[in-house]
Amino acid sequence: MENNVFEGFYKKTINERLQILKLFSNLQESEIDLLKVNGPLSIESADKMIENVFAVHCLPVGLAVNFLIDGKQKVIPYVVEEPSVVAAASNAAKLCYFSGGFQTGADKSIMIGQIQFLEIKDIKKAQKQIEDKKEELIQLSKTEELPMVKYGGGLIEIQTRVIESSYGPMLIVHLLVDCVDSMGANTINTYLEFFAPKINEMIGGRAAIKILSNLSIYRTAWAKAIWTQKALEESTKGAIKGDKVLDLILEAYEFARVDPFRAVTHNKGIMNGISSIALATGNDWRAIEASAHAYASLNNSTYQPLTKYYKDKDGNLVGEIKVPLAVGIVGGSTTINPTNKICLKILDVKTAQELSRIMAAAGLAQNFAAIRALATEGIQRGHMKLHARNFAAAAGADSNLIDRVSRMMIEQNKISLDNAKKILEELKSKNN
Ligand code: HMG
């Protein structure tokens, strides 16, 4: 058995961790030097964010433009590795700009926390005891010792559910807490640990798991936009009539509505926008993704698209989205990572709801752009055009040649890494 060189790794300095990793993973000194390069988030700050830090990862930050949201012009920072996502959002936003852009709304920041009670003798009685004491418990929570109370939030409701399980019936208590401008995970968990013993004392049994639920059904945001037939026709440079584009988009939407295999991809496209903004603003994109996909299957027997489309009485295409969005603008990574802070400043949001409304608009824009492309020219034209730059860079083209190599691949209608390498070789041999 080899020595475990990672024992106590978290107690080492960053340089010591890098040396251990260098030996373990056989890294070159030049690779170690790259890992040490500081971006806006210094490695020292990163070391305070998570455990065992040895480097800071970089991703591009792009700006989605042309958004008109509730009458205000907005630009939206995206952190994403995939080409064409930012271009697609900007394109969709441009195409509805003159028909009013996006109208949005959001719920209050209400999160659910769960306490799992086991071994309760009389569940019905326990439910009644909780119901009878509910107002008293809510009053008890109005102490500034508990988070969010001083900001006007806090516990607003207590609900109970009985769930059958292989361990017999479980009594699940939900605490509904207004987390104001925070994402709320720590807030909720504090409330749960404060109230679990008090409820336990009242009803007996055993309070087991106490944790927030990421299925944030009371914290949704929604957006709506109109794309006129004229804009739809223009989006195809006049190649397809507006009414035809509209019909093709409705057909594409119907496919997602009736088939979960398609709906998952449809929703993935929506999350291209939402998760990119979550990353840019330091929000927990895993929680957002989990919640969105669970929400998509909540009220129907099959997984559903998070958007819907229909034709209005004027013959325009209307798109709508509703999605749970547990996002914060204070606390967590937003307080440490300067890029997150600057992205929030660019978004010009004063509340968590404002951020969630922008994210809903971006999700709708993203989805419209993808299904418009899929229903008309196909996804590859726009997407691969933008991928061409990636292939050129991966083939080794320097910044002077990237545009030339990608342009040549597009002209040849042959966008691939192999072709990028071939073109680059040819250009280099011509220059020698
Ligand atoms: P186009 O019609 O060739 O664009 O579309 P254009 O040259 O007419 O430009 C229109 C606007 O798009 C521009 O306005 C820009 O805002 C933006 P302008 O500035 O000229 O006034 N735009 C760009 N922005 C930045 N960089 C660029 C750029 N080009 C245009 N290079 C476009 C081209 C790619 C926008 C279009 O084909 C498109 O929207 N395609 C959809 C691409 C897409 O959805 N990508 C997401 C990744 S695919 C995926 O993961 C999801 C999916 O599986 C989901 C699903 O299945 O539902 C597809």
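Here are some questions and answers about the ligand and the protein around it. This is a predicted model, in which local features need pLDDT of at least 70, side-chain atom pairs count only at pLDDT 80 or more, and totals for chains, interfaces and linings use all residues. Residues are numbered from 1 along each chain as its sequence is written, and side-chain values use heavy atoms, with hydrogens and water left out.

Q: How many residues are around the ligand?
A: Let's start with the neighbours: a residue is near a molecule if one of its heavy atoms lies within 4 Å of it. Among these neighbours, S84, K94, K237, R262 and K268 come nearest. The residues around the ligand number 27.

Q: How many charged residues does the shell around the ligand have?
A: Asp, Glu, Lys and Arg count as charged, Ala, Val, Leu, Ile, Met, Phe, Trp, Tyr, Cys and Pro as nonpolar, and the others, Gly among them, as polar. The shell has 9 nonpolar and 10 polar residues. Its charged residues number 8.

Q: Which domains each give at least three residues to the shell around the ligand?
A: Domain bounds here come from an automatic or database domain assignment. The shell draws at least three residues from each of domain 2 (63-106 + 220-377) and domain 4 (382-431).
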